[in-house]
Amino acid sequence: MKVGKEILATTSRREFIKRSGVALATLAFPNHFINISKNNQMTDQKDFDVIIVGGSYSGLAAGMALGRALKHVLIIDNGKPCNRQTPYSHNFITQDGKTPKEIATLAKQQVEKYDTVTFLNGLATSGVKTNTGFAIKTESGKAFSTKKLIFATGIRDIMQGIEGYAECWGISVIHCPYCHGYEVRNEKTGILGNGEYGFEFSSLISNWAKDLTLFTNGTSTLTAEQTEKIKSHHIEIVETEIEKLEQTNGHLQKIIFKDGSNFPLKALYARSPFEQHCAIPETLRCELTDDGYIRIDPSQKTSIHGVFACGDNTTRIRTVANAVAMGTTAGMMANKELVFEEF
Ligand SMILES: Cc1cc2nc3c(=O)[nH]c(=O)nc-3n(C[C@H](O)[C@H](O)[C@H](O)COP(=O)(O)OP(=O)(O)OC[C@H]3O[C@@H](n4cnc5c(N)ncnc54)[C@H](O)[C@@H]3O)c2cc1C
């Protein structure tokens with residue numbers, strides 16, 4: 001019989017226990033091997049207190065709160081967090097400068113310690129209301145029932161139709177100065193934006209960058225007053241339409257314009273349009289805000305009783321710290337609702 005990591009990687013915990021006996025397994029392997037074998041190996045359990053769709057920072061934080069509250073939780077995640085292309089994550093206390101994956105891996109290891117939490121790698125594809133709560137199905141055809149639902153599904157950034165933009169996203173095309181502004185503070189920096197947003201972003205980014213240019217990518221829609229104010233801060237405004245971003249491995253070299261001219265640059269701030277990463281909240285009729293976020297109250301409750309949402313799918317304040325804080329609240333409030341209903 002194969003023993004050690006190999007068998008644990010290729011055999012489900014159930015099969016392993018059957019073949020070796022649980023007492024022997026517990027004696028022979030350190031606890032974390034047993035835990036690793038449990039994770040991502042679905043048990044036969046079909047009914048949960050809470051299903052969390054999305055197992056990145058926010059979903060894991062919700063999972064920890066619920067695991068510590070002794071609730072049976074299923075976390076379904078298909079491994080596509082929004083920051084996966086960014087090399088280093090900043091501004092999350094205790095984890096500053098770590099890779100996004102390091103932070104998520106440590107978080108998952110800590111949640112895995114709670115026996116009542118189960119993980120499933122996969123895509124949740126549908127959700128319906130039932131008499132006892134909700135039913136969730138996955139792409140691979142698995143079906144589960146749950147009393148409460150938490151969506152920690154994030155948002156999907158839509159890459160602007162500029163060649164090279166997607167490659168640079170999170171590396172040298174930056175969505176947030178608080179996450180990456182410090183690292184590029186001395187670089188030749190641009191802002192891609194126009195109108196109100198272009199003006200607001202120009203004034204904010206001037207805090208970090210002294211060599212700053214605003215690219216409106218077409219005729220400026222700034223007011224005369226905004227234009228004057230921007231120029232008074234020595235920020236150049238370039239209206240020429242952009243053809244592509246010339247880059248090497250995501251590191252921006254220059255902007256190439258449609259008229260053939262170019263502009264060397266190291267960092268470009270931009271806000272991408274977005275859509276909800278997961279459509280299930282909308283099919284359950286959770287209300288969205290005018291901006292496209294899931295509407296929540298301060299307890300992370302959506303407009304549908306028993307459904308909670310947390311993290312990027314609910315807010316413009318897009319940071320790991322905020323996603324974790326909201327996830328913790330969602331977990332606590334889902335537990336509270338369960339306890340009070342069942343008391
Ligand atoms: C490029 C970039 C760089 C960033 N850098 C920083 C930084 O340096 N510091 C910082 O604090 N913040 C940073 N952020 C913001 C931070 O990454 C987000 O605020 C945070 O990831 C939000 O966590 P979340 O759990 O809400 O969503 P996400 O991390 O996006 O995770 C959502 C999870 O849900 C899963 N999912 C979605 N739908 C389904 C489904 N139907 N079934 C199963 N799973 C599903 C996804 O696969 C994903 O794993 C950055 C963001 C971006 C885009």
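From which domains does the shell around the ligand draw at least three residues each? Before answering, bear in mind that what you have open is a predicted model. Select domain 1 (38-157 + 275-342) and domain 2 (165-270) in two colours, and then the ligand: each of these domains gives at least three residues to its shell.

**The ligand.** Display the 39 residues that surround the ligand, and pick out the closest of them, which are Gly 54, Ser 56, Gly 154, Gly 170 and Gly 311. The elements that contribute two or more residues to this shell are helix 5 (57-68), strand 2 (73-77), helix 8 (177-180) and helix 12 (320-342). If you colour the shell by residue character, you will find 15 nonpolar, 19 polar and five charged residues.

**The whole protein.** Now zoom out and switch to a cartoon, in which the protein comes to 12 helices and 17 strands. Of its 343 residues, 40% count as buried, and among contacts between residues at least 6 apart in sequence, 59% join residues at least 24 apart.

**The cores.** Select Ile 51, Ile 52, Val 53, Ala 62 and Ile 150, the residues with the most contacts inside the largest nonpolar core, which has 47 residues. Centring on Ile 52 and leaving aside its neighbours within four places in sequence, you will see it in contact with Gly 59, Ala 62, Gly 63, Val 73, Ile 75, Ile 150 and Ala 152. Apart from this core lies another, of 27 residues, which you can find by selecting Ile 205, Ala 209, Leu 212 and Ile 230 among its members.

**Helix 12.** Next, select helix 12, whose 23 residues should span 33 Å at 1.5 Å a residue, a value that agrees with the 33 Å between its end C-alpha atoms. Its buried residues include Val 320, Ala 323, Val 324, Met 326 and Gly 327, and, further along, Ala 330, Met 333 and Asn 335. To see what covers the buried residues of this helix, add strand 1 (47-53), helix 5, helix 6 (100-112), strand 6 (143-151) and strand 17 (307-309), which are included in that cover.

**Thr 328.** Finish on Thr 328, which lies in helix 12. Is Thr 328 buried or partly exposed? A residue needs 20 or more other C-beta atoms within 10 Å to be buried, and Thr 328, with 19, is therefore partly exposed. Leaving aside its neighbours within four places in sequence, Thr 328 is in contact with Ala 61, Ala 62 and Ala 65. Draw a distance from its C-alpha atom to that of Leu 60, and the two are separated by 8.5 Å, although they stand 268 residues apart along the chain.

Methods: Residues numbered from 1 in each chain as written. Predicted model: local features only at pLDDT ≥ 70, side-chain atom pairs only at ≥ 80, totals over all residues. Near = placed C-beta within 6 Å. Helix = DSSP H or I, 4+ residues; strand = E, 2+ residues; numbered from the N terminus. Nonpolar A, V, L, I, M, F, W, Y, C, P; charged D, E, K, R; others polar. Domains from an automatic or database assignment. Buried ≥ 20, exposed ≤ 12 C-beta atoms within 10 Å, placed from the backbone. Contact = placed C-beta atoms within 7 Å. Expected span 1.5 Å × (residues − 1). Core = buried A, V, L, I, M, F, W, Y, C linked by C-beta atoms within 7 Å.
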